[in-house]
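Open the model in your viewer and keep the selection tool at hand. The tour below moves from one selection to the next and says what is found at each stop.

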Amino acid sequence: MISLQHLTKRFGAQTAVDSLSFEVPAGQIVGFLGPNGAGKSTTLKMLTGMIEPSQGTATICGFDLRREPLEVKRRVGFVPESGAVFESLTGLEYLEMVAALYAIPQDAARARIQQFIAFFDLSFETLTDKLLGAYSKGMRRKVVITAALLHNPPVVFFDEPLDGLDANAAVGFKALIQTLAREGKTIVYSSHILDVVERVCDRVIIIDKGKLLLDGRPDELVAAHGTGTLERLFTKLTGGSELERRAEDFAKTFRP
Amino acid sequence: MNAPSDTPPPLQAAGPALSPGRTLRRLFLTLFLRGRSSRGLRKESAPKSVGSKLALALVFYALFGMFALFFLQQPVFALSVYLHAMTLVFLGMFVAASAGEVLFNKDEADILMHRPVTPRALLWAKIGVLTEVSLWLAGAFNLTGFFVGIGGKDGGWLFPITHAISTIMEALFCTGTVVLVYQLCLRWFGRERLDGLMTTAQVFVAVAAVVAGQVVPRLLIRISGTIKFNAGSWWIGLLPPAWFAGFDDAFAGRGIRSSWELAGFGLAATAVVLWLAFGKLARDYETGLQTLNEASAIRSQRRAGRRWVDVLVHVPPLRWWLRDPVVRASFLLTAAYLVRDRDVKLRIYPGLAPMLVMPFIFLMQDHGRSDGGGFGVAFTGGYLGLIPLLALNLLKYSQQWQASDMFRAAPMPGPAPLCHGARQAVCWFLTFPLLVLFGLMVWLLRGENLHLPLLLPGIIALPIYALIPCLGGKAVPLSLPNEEAKSAARGLSMIGVMLVSIALSGLALWAWSGGWFKWLLLVETVLVIAFYVGMRLSLAAARWRPLE
């Protein structure tokens, strides 16, 4: 479903993503992890056609990212980390605009939006009357997730999707992506909340400085490295082993 | 999550999907009219300032366009040159000011770039909106001109039709030229430098438009006594408005050879600009949009250095002036936005440009008067007060207004120190440099410094002018969304200051000629001190106003 072949992105002299290659079959939920600045968001932006790779390519649902970017875009849904929306549109106006970009007829779009309203426990009046600028962060995130799934894409990229969602919405969202994966959708899930990744994902890919560090099932990787949890494995791999001691030392500086 | 039984009432059924092109055009027009961000709670009560401003602008343009009545019974070419020149200035300012935000919006990349739309479709939709709004403005301004042309010396019923066509051509030429400049800058300098470059260019366009519209005609009249427009003049072919006026003259006027040549030149220039901007260089726009996503990565590679303003606040006299750390922090914040922020710069500097022109006009009128004049100098001094007043009013608005929540979270009883910091930044970076410029202007235009003291009454009143926008703690920098900018209220305060300036100038001149100027300065100083102390006390007592 997703296949990366030496995908590389350079910004001047800096290599953000360095010859990344891996494949993700249909129906899999992949946790895409890395410390800040590892190249996760850049990779996701390349895979969604937002920025052009400097080298290498990727295919999504058999379409080459470089040669057929529009075909790729029709088949992917993306929840960006920024959660950006057009704040001066109402939720409904925004979602209808997104639906139109995927050529979804208005009747079908409204029926689909209705389902999301019900699922996400959004107030109908809020969606039709309030401008997105007045939404809470969680409500806005729900709209962004709805906008990513509205056209029923076979591949979905989530970049910190739980940011701003309350506990109930987060539980519902996790169940939703697991069900979507069971029905054949491919899901790439980038997050810093590693216990959620450990519970939800079938597989994790850890990158650092743009390079692939580790790829495998979370339980197998944790067992193989004897770290007990994915979080400990992550900090071990990405140079965070001294963090707890450093945090303690730093906290001492706050003593009166 | 809701159970299916809780399903809300069905949304009304609607028709088939709009095409992506139409969807994008509708989207960008809505965003243009409503503004990009909003904190309005409901759709009905949402700030529609941009939309209402546009409606007001159309009325204003239509009223301004009535100056075309002065061209009754004049040749079509002269009327058309006037109409097209003014249209080009207005549209140039409008498109230059709007294009950056419309063409390159960072948030928009995250929302639209992963959708199945091509950058070319985005570009076309945006250009469509810019052109559409340009045409509304041009139509409003030319409304009177359409009818005046019918009654022109060599005009007729064909004029409204040809002028409508030439105005559309001009709007396309204007939009195309601005987009082309953006694309060329992108190609030559890259997206990272584009922002700063275009901001500077836009400020210069605004200043140049005011100077060209107000100062140059006065200078020309002063030099040659009058301005004569003739389609046969060799230099007229260098002026784009003349090309489009040539079109009108060719079809609805005299139809002489030089008019046809100008019309041909206008058509060719418009076609070339459109071909380059929307065809040949469209690929550069795609690159620009992509680089927009990469901007943060590139920016991080910049060399970090200490800002000159950071150094400045730690050496006298600013160190003495900015002893309070909150005032200093607010000063630095305001200074940073005055220098760096594109949005703030685009509001402040083009807003101040007309300020420079008014004293210039009064000084020009003053020049060469047998009684020695002096009113222009006094008016220039009084008019300085508009600078802090206008700048502080404009500095309240920012795209990042939500970040100002930190002011309320900080342990401060009220917004007074923030207002003082902003006020002092405006004084140091805008008012004082312009004071020097005005002084130089007086000296150069009058060729003597005898009347320079007439600037003093205005200068002495400056602290009061600078405190007026702060009263009630209202001048907290960058704390309100752009959409809440109330231009009408600003206009009223400007008129108020202008009247006070005129009154003060008259009084100063009276005192000057009556020999009691020193007494006037003394009384004014005492009054200013008393008012200043009272206003500062009032500001110190101001508390945070409740959030909506």
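Select Leu4(A) and its contacts: apart from neighbours within four places in sequence, Leu4(A) touches Leu20(A), Ser21(A), Phe22(A) and Ala58(A). Two residues are in contact here if their C-beta atoms, placed from the backbone, lie within 7 Å. Before going further, note that this is a predicted model, in which local features need pLDDT of at least 70, side-chain atom pairs count only at pLDDT 80 or more, and totals for chains, interfaces and linings use all residues. Residues are numbered from 1 along each chain as its sequence is written, while chains are lettered from A and ligands numbered from 1 in the order in which they are written.

**Around Leu4(A)**

Is Leu4(A) buried or exposed? Leu4(A) counts as buried because it has 24 C-beta neighbours inside 10 Å. The cut-offs are 20 or more other C-beta atoms within 10 Å of the residue's own for buried, 12 or fewer for exposed, and partly exposed in between, with C-beta atoms placed from the backbone. Add Leu65(A) to the selection: Leu65(A) is 61 residues from Leu4(A) in sequence, and their C-alpha atoms are 9.7 Å apart.

Now widen the selection to strand 1 of chain A, residues 2-11, which holds Leu4(A). Helices (H or I, at least four residues) and strands (E, at least two) are DSSP runs, numbered from the N terminus. Strand 1 of chain A runs antiparallel to strand 4 of chain A (residues 55-60), with five bridges between them. Within strand 4 of chain A, Ala58(A) is the bridge partner of Leu4(A). Strands pair if DSSP finds at least two bridges between them.

**The four-stranded sheet**

Show strands 2, 1, 4 and 5 of chain A in that order: they form an open sheet with antiparallel pairing. At the edges are strand 2 (14-24) and strand 5 (63-64) of chain A, each pairing on one side only.

**Helix 1 of chain A**

Select residues 40-47 of chain A, which are helix 1. Eight of its eight residues are buried, so helix 1 of chain A is largely enclosed by the rest of the structure. Among them are Lys40(A), Lys45(A), Thr42(A) and Met46(A). Just after the helix comes Gly49(A), with a positive phi near 80°.

Helix 1 of chain A lies across strand 1, strand 2 and strand 4 of chain A, at about 60° to strand 2 of chain A. Helix 1 of chain A also lies across strand 3, strand 7 (155-159), strand 8 (186-190) and strand 9 of chain A, at about 150° to strand 7 of chain A. For these angles, axes are lines fitted to C-alpha atoms, for helices over the stretch in contact, and angles run from 0 to 180 degrees between N-to-C directions.

**The six-stranded sheet**

Next, display the open sheet of six strands in chain A, whose order is 6-7-8-3-9-10 and whose pairing is mixed. Strand 6 (76-79) and strand 10 of chain A are its edges, each pairing on one side only. From one strand to the next the twist averages 15°.

Zoom in on strand 3 (residues 29-33) and strand 9 (residues 203-208) of chain A, a parallel pair with four bridges. Phe32(A) has Ile205(A) of strand 9 of chain A as its bridge partner, and Gly31(A) stands opposite Val204(A) in strand 9 of chain A.

Which residue of strand 10 of chain A is the bridge partner of Val204(A)? That partner is Gly216(A). Strand 9 and strand 10 (residues 211-216) of chain A run antiparallel and share five bridges. The two strands form a hairpin with two residues between them, and Lys209(A) in the turn has a positive phi of about 50°. Finish here with helix 10 of chain A (residues 230-237), which lies across strand 3, strand 9 and strand 10 of chain A and runs at about 25° to strand 9 of chain A.

**Whole chains**

Zoom out to chain A, with its eleven helices and ten strands. Buried residues are 47% of its 256 residues. Then select chain B, which has 21 helices and zero strands. Of the 548 residues in chain B, 43% are buried.
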